[in-house]
Amino acid sequence: NSTQHREDSLRRRAIEVLVDTLLDREWIYHKFRIEQKKEFDKHIWEKFERRCFKCNKPLKNESEMDLDHTMPLASFWPLDEGATCLCKKCNSLKSDKFPIEFYSESELQKLSKLTGLSSNILNQKKVNTVVIERLFERIIWFFDEFLNNKDYQKVRGGKRTSDLIYKAILKQIKTFYNKNTDLIQLYKNKTKKLPKSITI
């Protein structure tokens, strides 16, 4: 429903901001505009010959395209020049899947050439460990500042947004990095208290 869609969009945007912050990166649209004097989405649309990479549907303009992270944002991969041009339907089908879960072997080979991402990266299901390690280093900032953002502290449909963001991040870390990870304990070890930005 529309409430779930808004929650999902806010959660995804929060993870995007978190990833860019931890990697000390500027937003790709802003950076690309300044450095290349061109719009980033138009660049990707043209690089993929104005077609959806998966179904080959022609896309009249860049606004018909969905920019896919290629490696999933949910697993802390940033939007960068390795992005993929997909139509809205194919992007929805891909969702948070890794490339190896969505594309054929021949498509993966072609995608590697177009995006500049190695076959090794495209053929694995792996979180961005650099982001995770930086998150651990900045765990106090994560709970006390990042999740304390007023937008993330709002309760929508009985759910606190910061709780949803935290759970999504922890799920990825436990699934693909270390199932024994306890971010709350890591915070507690450094501060001798429990975080107040999430519901415990």
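**Notes on a predicted model: a helix pair, two pockets and two odd residues**

1. Start with a helix pair. Helix H9 (residues 139-146) packs against helix H11 (residues 183-191) at an angle of about 100°, and their axes are 9 Å apart. Angles of 65 to 115 degrees count as roughly perpendicular, so H9 is roughly perpendicular to H11. Keep in mind that this is a predicted model.

2. Who does the touching here? On the H9 side the contact is made by Ile139, Ile140, Phe142, Phe143 and Asp144. H11 answers with Leu183, Ile184, Leu186, Tyr187, Lys190 and Thr191. Sorted by class, the residues of this H9 and H11 contact come out as eight nonpolar, one polar and two charged.

3. Next, the pockets. The largest pocket has a volume of about 470 Å³. It is lined by 17 residues, and if you want to find its centre, look for Arg12, Leu67, His69, Leu73 and Asn91, the closest ones to it.

4. Which element gives the most to the lining of the largest pocket? That would be H1, with six residues. Helix H1 (2-22), strand E1 (65-68) and helix H4 (88-94) each put in at least two residues. The lining of this pocket is a mix: five nonpolar, six polar and six charged residues.

5. The second largest pocket comes in at about 260 Å³. Its lining is made of Asp8, Arg11, Arg12, Ile15, Leu73, Ala74, Asp96, Leu164, Lys167, Ala168, Lys171 and Gln172. Two elements, H1 and helix H10 (161-176), give two or more residues each. H10 has the largest share, five residues. By class, the lining of the second largest pocket has five nonpolar residues, one polar and six charged. If Arg12 and Leu73 sound familiar, they are also among the residues closest to the centre of the largest pocket.

6. Now for a backbone oddity. Threonine 70 is not a glycine, yet its phi is positive, about 70°. You'll find threonine 70 in the loop between E1 and strand E2 (84-87). Is threonine 70 buried or exposed? Its relative accessibility is 0%, and buried means under 20%, so threonine 70 counts as buried.

7. Lysine 192 is another non-glycine with a positive phi, in this case about 65°. Look for lysine 192 in the segment after H11. At 68% relative accessibility, lysine 192 is over the 50% cut-off and therefore counts as exposed.

Technical notes:
Residues are numbered from 1 along each chain as its sequence is written. This is a predicted model: local features need pLDDT of at least 70, side-chain atom pairs count only at pLDDT 80 or more; totals for chains, interfaces and linings use all residues. Side-chain values use heavy atoms; hydrogens and water are left out. Axes are lines fitted to C-alpha atoms, for helices over the stretch in contact, and angles run from 0 to 180 degrees between N-to-C directions. Helices (H or I, at least four residues) and strands (E, at least two) are DSSP runs, numbered from the N terminus. Angles under 35 degrees count as roughly parallel, over 145 as roughly antiparallel, 65 to 115 as roughly perpendicular and the rest as oblique. Contact means heavy atoms within 4.5 Å. Ala, Val, Leu, Ile, Met, Phe, Trp, Tyr, Cys and Pro count as nonpolar, Asp, Glu, Lys and Arg as charged, and the others, Gly among them, as polar. On a 1 Å grid over the protein atoms alone, a cavity is a set of points where a 1.4 Å probe fits but cannot get out, and a pocket is an open set with protein on both sides within 12 Å along at least five of seven lines; lining residues have an atom within 4 Å of a point. Grid points are joined across faces, edges and corners, and a volume is the space filled by probe spheres set on the points. Buried means under 20% relative accessible area, exposed over 50%, partly exposed in between (1.4 Å probe, protein chains only).
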